[in-house]
Amino acid sequence: PDLNSMLNFKESEAVRALTCTLLMEDFGLTIDIPLERLIPTDLVGGQGEPCRGIDIGTGASCIYPLLGASMNGWHYLVTEIDDICFDYATRNVEQNNLSDLIKGELFHYVVL
C-alpha cells in the first residue's frame, strides 16, 4: 500500500468506497449506497442485551439496524419515505441475510 495516498472526503465515490470497505472489513457487512444519497460517516457499534428499535428515516445504507442486528441480534423496524433509499436499504438487509431481524416500511406521506 502507498502510505502517502490521501482520500478526498468531498468526493462521494471515494467516501462510498471507503464506507463499504470499512463495513466489510470491520463488520462483515456488504452494502450498496447510491451516490446521490447520504453516506454515513459516523458508524457506531456496541454490544448489550437484545432489544427492539425503530429507525425512522433509515436511509439507503440502513447502517445502524444492520450493525445492531448483525453484531447483537437486535430487532428493528425501519421506515423511509424515499423510494430509492428504501430499495437500497431493503437490498442491503437481504444481502446480509438479516430480513428476520430487520423489517421495513415505505411511507409516501406523513400524517400528523
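This section describes the overall fold, the S1-H2-S2 unit, the nonpolar core and two buried strand residues in a predicted model.

The secondary structure of the protein consists of three helices and three strands. Read from the N terminus, these elements follow the order α-β-α-β-α-β. Of the 112 residues, 35% count as buried. The surface exposed by the protein amounts to about 7400 Å², of which carbon and sulfur atoms supply 55%. Among contacts with a separation of 6 or more, 59% are accounted for by residues 24 or more positions apart.

Strand S1, helix H2 and strand S2 form a β-α-β unit, and this unit is right-handed. Within the unit, S1 and S2 run parallel and are joined by five bridges. One pairing places Ile56 opposite Thr79, its bridge partner in S2. The two faces of S1 can be told apart by their cover: Gly53 and Asp55 make up the covered face, whereas Arg52, Ile54 and Ile56 lie on the uncovered one.

Helix H2 links these strands within the β-α-β unit. Seven of its ten residues are buried, so H2 is largely enclosed by the rest of the structure. The buried positions in H2 are Ile63, Pro65, Leu66, Leu67, Gly68, Ala69 and Asn72. Cover for these residues comes from elements including H1, S1, S2, H3 and strand S3, which spans residues 102-106. Just after H2, Gly73 adopts a positive phi of about 70 degrees.

In soluble globular proteins, nonpolar side chains tend to be buried together. The largest nonpolar core of the model holds 18 residues, and the members that touch the most others are Leu66, Leu98 and Ile102. Two or more residues each are given to this core by helix H1 (12-27), helix H2 (63-72), strand S2 (75-80) and helix H3 (83-95). H2 provides the largest share, with four residues. Leu66 is also one of the buried residues of H2. Leu98, when residues up to four places away in sequence are not counted, touches Leu29, Leu66, Ala69, Ser70 and Val93.

Two strand residues were examined individually. Asp55 is located in strand S1, which covers residues 52-56. With a relative accessibility of 15%, Asp55 falls under the 20% limit and therefore counts as buried. The side chain of Asp55 makes a polar contact of 2.8 Å with the side chain of Thr58. Beyond residues up to four places away in sequence, Asp55 touches Pro65, Leu77, Val78 and Thr79. Of these, Pro65 is among the buried residues of H2, and Val78 belongs to strand S2.

Val78 has a relative accessibility of 4% and so also counts as buried. Apart from neighbours within four places in sequence, the contacts of Val78 are Asp55, Thr58, Cys62, Pro65, Ile102, Lys103, Gly104 and Glu105. Thr58, the polar contact partner of Asp55, thus appears in the contact list of Val78 as well. Ile102, one of the core members that touch the most others, is likewise in contact with Val78. The C-alpha atom of Val78 is separated by 8.7 Å from that of Leu106, although these residues are 28 residues apart along the chain.

Definitions and conventions. Residues numbered from 1 in each chain as written. Predicted model: local features only at pLDDT ≥ 70, side-chain atom pairs only at ≥ 80, totals over all residues. Heavy atoms only, no water. Buried < 20%, exposed > 50% of the residue type's maximum accessible area, 1.4 Å probe, protein only. Polar contact = N/O pair within 3.5 Å; in protein donor to acceptor, adjacent residues only side chain to side chain. Contact = heavy atoms within 4.5 Å. Core = buried A, V, L, I, M, F, W, Y, C linked by side-chain atoms within 4.5 Å. Pairing = 2+ DSSP bridges. Right-handed = clockwise from strand over helix to strand, strands pointing away. Areas by Shrake-Rupley, 256 points an atom, 1.4 Å probe, with all protein chains shown as cover.
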